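Some labels in a structural description rest on a cut-off. The questions below ask how such labels are earned.

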Amino acid sequence: MTDMGAFASWPVGGGEAGALVRAFDWSKTSLGPIAEWPQILRLKVNSVVNSPIPQVLMWGPDHVMIYNDGYTEIAGNYHPHALGGTVNGIWPEIWDWNEKILEAGFRGEVQSFRDQKMVLNRNGMPEEVVFDLFYTPIYNDVGIVEGVLCTVLENTEKVKTVQALAASREELSRLTSALPILVGFIDLNYTYRFANQGYLEWFGWAPEDVLGKRVVDVVGEAFFNERKPFIQRAMAGEHIVSDTSIQRPDGARHAAEIRYVPRRDHRGEVDGCYILIIDIETRKRAERDILVSNSRFKAAVEAVHGVLW
């Protein structure tokens, strides 16, 4: 004789979703009353509702849905009536996708998808979302697939953040490339994380030869050791301005003004420094020419003065 009291307290735990499974009238679905469920279904449901990762179990030929608390956020306004509903009835907007997935799953195929884009109506209006999806067939005791388990991780905000960061970097690159200044950024490990087009072209470097590479490996040990004290001071929070001479790809040396500007994170701690370089060779040449001209003028004045007196 079946102990109905035991099924009334099953599944064990599972938070809100577990309580909903216990209270739901499963006799109105193709699964029938919980007391009549096969052991593999009971075991899998108990595992799903107690999983810390969002999961939904799609069982039987009707693909009846049973899920956990994590999945309620995925379901949005479709929860709680999605529990005990069918996949095509709850998610009509993505049935084309799910139909193929379920057909493959019931054939025994394990499937996974990273950063899969979808358009859902879960919150009353179409919205583009991004998921990592992992589909696992669930077999009965004789090796027949009875259901498909989907483990789902939403990456929508992460992908938006990455896209926004990429757009910000692209905008920064466009802006800095339009300026008559060389702009680079290195992190606390002295690794290049950014260099504008002018920076790369002035030194004759390709992006792959700079970005992600250590400064010493890019500029050479001698020049790195010369500039390292200035970088260290910038990493300690000091704004540094210094003049130096840098060899260009054609072998010519150019006078340059280098500014090291520390960057601080949201905690106010230095997480790297900007390297701003201005080619001042033309200015230096003009200054030298003026000095030479002044010297010649002074000599001429003194010569005339000697003649007159």
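The turns below deal with a predicted model and set its values against the terms used for them.

Q: What is the overall make-up of the chain in helices and strands, and what share of its residues counts as buried?
A: The chain has eleven helices and ten strands. Of its 309 residues, 39% count as buried, a label that requires under 20% relative accessible area. The accessible surface comes to about 17,600 Å², and carbon and sulfur atoms hold 54% of that surface.

Q: Why is His63 called buried?
A: The relative accessibility of His63 is 14%. The cut-off for buried is under 20%, so His63 counts as buried at 14%. His63 is placed in the loop between strand E1 (55-59) and strand E2 (64-67).

Q: What makes the phi of His63 worth a remark?
A: Phi of His63 is near 60°, which is a positive value in a residue other than glycine. Most residues other than glycine have a negative phi.

Q: Why is Asp115 called partly exposed?
A: Partly exposed covers the range between the buried limit of 20% and the exposed limit of 50%. Asp115 has 39% relative accessibility, so it counts as partly exposed. Asp115 is found in strand E3 (residues 111-120), and its phi is also positive, near 50°.

Q: Which label does Ala35 receive, and why?
A: With a relative accessible area of 25%, Ala35 is partly exposed. The buried label would need a value under 20%. Ala35 lies in the loop between helix H2 (15-23) and helix H3 (39-49). Ala35 and Trp10 are 25 residues apart in sequence, and their C-alpha atoms are 9.9 Å apart.

Q: How do you know that the peptide bond between His79 and Pro80 is cis?
A: Omega of the bond joining His79 and Pro80 is about 10°, and the bond is cis. Most peptide bonds are trans. Pro80 lies in the loop between helix H4 (69-75) and helix H5 (87-90).

Q: What makes a set of residues a nonpolar core, and which members of the largest one touch the most others?
A: Members must be buried, belong to a fixed list of residue types, and be joined through side-chain atoms within 4.5 Å. The largest such core has 41 residues, and those touching the most other members are Trp26, Trp37, Val45, Met58, Met65, Tyr71 and Trp91. Strand E4 (residues 127-139) gives the most to this core, with five residues. A second, separate core has 26 residues, among them Ala234, Ile258, Ile275 and Ile277.

Q: Which residues does Tyr71 touch, beyond those up to four places away in sequence?
A: Tyr71 touches Pro54, Gln55, Val56, Met65, Trp91 and Val152. Each of these counts as a contact because heavy atoms lie within 4.5 Å.

Q: How do you know that strands E8 and E9 pair?
A: Pairing needs at least two bridges. Strand E8 (residues 240-247) and strand E9 (residues 253-264) have eight bridges, in the antiparallel sense. One of the bridge partners in E9 is Glu257, which faces Asp243. The hairpin of E8 and E9 has five residues between the strands, and Gly251 there takes a positive phi near 95°.

Q: What makes E9 and E10 a pair as well?
A: The same test of at least two bridges applies. Nine bridges join E9 to strand E10 (residues 270-279), and the two run antiparallel. Tyr260 stands opposite Ile275 in E10. In the hairpin of E9 and E10, with five residues between the strands, Gly268 has a positive phi near 85°.

Conventions. Residues are numbered from 1 along each chain as its sequence is written. This is a predicted model: local features need pLDDT of at least 70, side-chain atom pairs count only at pLDDT 80 or more; totals for chains, interfaces and linings use all residues. Side-chain values use heavy atoms; hydrogens and water are left out. Buried means under 20% relative accessible area, exposed over 50%, partly exposed in between (1.4 Å probe, protein chains only). Helices (H or I, at least four residues) and strands (E, at least two) are DSSP runs, numbered from the N terminus. Accessible areas come from the Shrake-Rupley method with a 1.4 Å probe; for residues, only the protein chains shown count as cover.
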